[in-house]
Amino acid sequence: MSEYRTIAAAPVLVAAFLDQIFGVDPVTGRVLWEHKQGGAGYSSTALLITPAAIYAATFSSIACLRYPTGELLWQAETATQGRATLLLEGDRLFLAKQGEIECFSLTGQSLWHNRFKGKGMAAVALGVPGNVAQADDKD
């Protein structure tokens, strides 16, 4: 009787910088795919990755790519510019920048935007019980 052994493929490593997103083979370092988001090419990119999707927010836009292939599913401009904090909860994707929060559907439609008028501008931490994304204002 033959013995079969299966070795799971290594997951695709996702790297992002300067408004670009790359899928990288973690074993060899070879770039498997790349996606250039609209922007000036100088901002950092916030990533949130699930088994099916990569959500990437740059200074002025957000995109959803299929994981692990990098196929673009949707892209949208954000209501606010700046470094993003991302939180996925149920069927809502929350994006926070500069003291403001925008909520997107998982198909890229902006559902609402709260400016927190008069409360100030700063990096925003987001969270619900068991799911927290800390603010990161360093670029």
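**A walk through the strands, core and contacts**

Let us start with one side chain: R66 is partly exposed, with a relative accessible area of 34%. Please keep in mind from the outset that this is a predicted model. What does R66 form with E71? The two form a salt bridge, and their closest N and O atoms are 2.9 Å apart. The partner is also partly exposed, because the relative accessibility of E71 is 41%, a value that lies between the limits of 20% for buried and 50% for exposed.

Side chains of opposite charge can pair when their charged atoms come close. How many salt bridges does the structure hold? There are three of them. Besides the bridge between E71 and R66, there is one that joins the side chains of D91 and R92, at 3.4 Å from N to O. D91 has a relative accessible area of 48%, so it counts as partly exposed, and R92, with 30%, is partly exposed too.

The side chains of R115 and E100 also meet in a salt bridge, with 3.6 Å from N to O. R115 belongs to the loop between β11 and β12 (126–128), while E100 sits in strand β10 (residues 100–105), so this pair ties together parts of the chain that are 15 residues apart in sequence. Is E100 buried or exposed? With a relative accessible area of 16%, E100 is buried, because the limit for that word is under 20%.

From E100 we can follow strand β10 to its partner. Strands β10 and β11 run antiparallel and are joined by four bridges. If you look across from E102, you will find H113 of β11 standing opposite. The two strands form a hairpin with four residues between them, and in this hairpin G108 takes a positive phi near 95°.

Now let us turn to the aromatic rings. A pair of aromatic rings is described by the distance of the centres and the angle of the planes. A search of the whole structure gives four aromatic pairs. One of them is formed by F94 and W112: the centres are 6.1 Å apart, the planes make an angle of 50°, and the pair is tilted. This pair links distant parts of the chain, since F94 is in strand β9 and W112 in strand β11 (residues 110–114), 18 residues apart. W112 counts as partly exposed, because its relative accessibility is 39%. Elsewhere, Y55, W74 and F104 form one aromatic cluster.

Two members of that cluster, Y55 and W74, bring us to the interior. Which residues have the most contacts inside the largest nonpolar core? They are Y55, A57, I62, W74, L86, L93 and L95, in a core of 14 residues. The elements that give two or more residues to this core are β4, β5 (53–57), β6 (61–66), β7 (72–77) and β9 (92–97). β5 supplies the largest share, with three residues. To see how one core residue is surrounded, select I62: apart from residues up to four places away in sequence, its contacts include A57, W74, L86, L93, L95 and F104.

Our next stop is an open sheet. Three strands form it in the order β1-β2-β3, and their pairing is antiparallel. The edge strands, each paired on one side only, are β1 (13–17) and β3 (31–36). On average, neighbouring strands here are turned by 20° against each other, direction ignored. In a regular strand the side chains alternate between the two faces of the sheet. β1 and β2 (residues 20–24) run antiparallel and are joined by five bridges, and A16 stands opposite I21 in β2.

On edge strand β3 you can find V31. V31 counts as partly exposed, because its relative accessibility is 42%. Leaving out residues up to four places away in sequence, V31 touches F22 and G23. The C-alpha atoms of V31 and A15 are separated by 9.8 Å, and these residues are 16 residues apart along the chain.

We end at T45, in the loop between β3 and β4 (46–49). Is T45 buried or exposed? T45 counts as buried, because its relative accessibility is 11%. Its contacts beyond four places in sequence include A16 and F17, as well as A56, A57 and R83. One name there links back to our earlier stops: A57 is among the core residues with the most contacts.

Technical notes
Residues numbered from 1 in each chain as written. Predicted model: local features only at pLDDT ≥ 70, side-chain atom pairs only at ≥ 80, totals over all residues. Heavy atoms only, no water. Pairing = 2+ DSSP bridges. Axes fitted to C-alpha atoms, helices over the stretch in contact; angles between N-to-C directions. Buried < 20%, exposed > 50% of the residue type's maximum accessible area, 1.4 Å probe, protein only. Contact = heavy atoms within 4.5 Å. Core = buried A, V, L, I, M, F, W, Y, C linked by side-chain atoms within 4.5 Å. Phe/Tyr/Trp six-rings, centres within 6.5 Å; stacked < 30°, edge-to-face > 60°. Salt bridge = Lys/Arg side-chain N within 4 Å of Asp/Glu carboxyl O.
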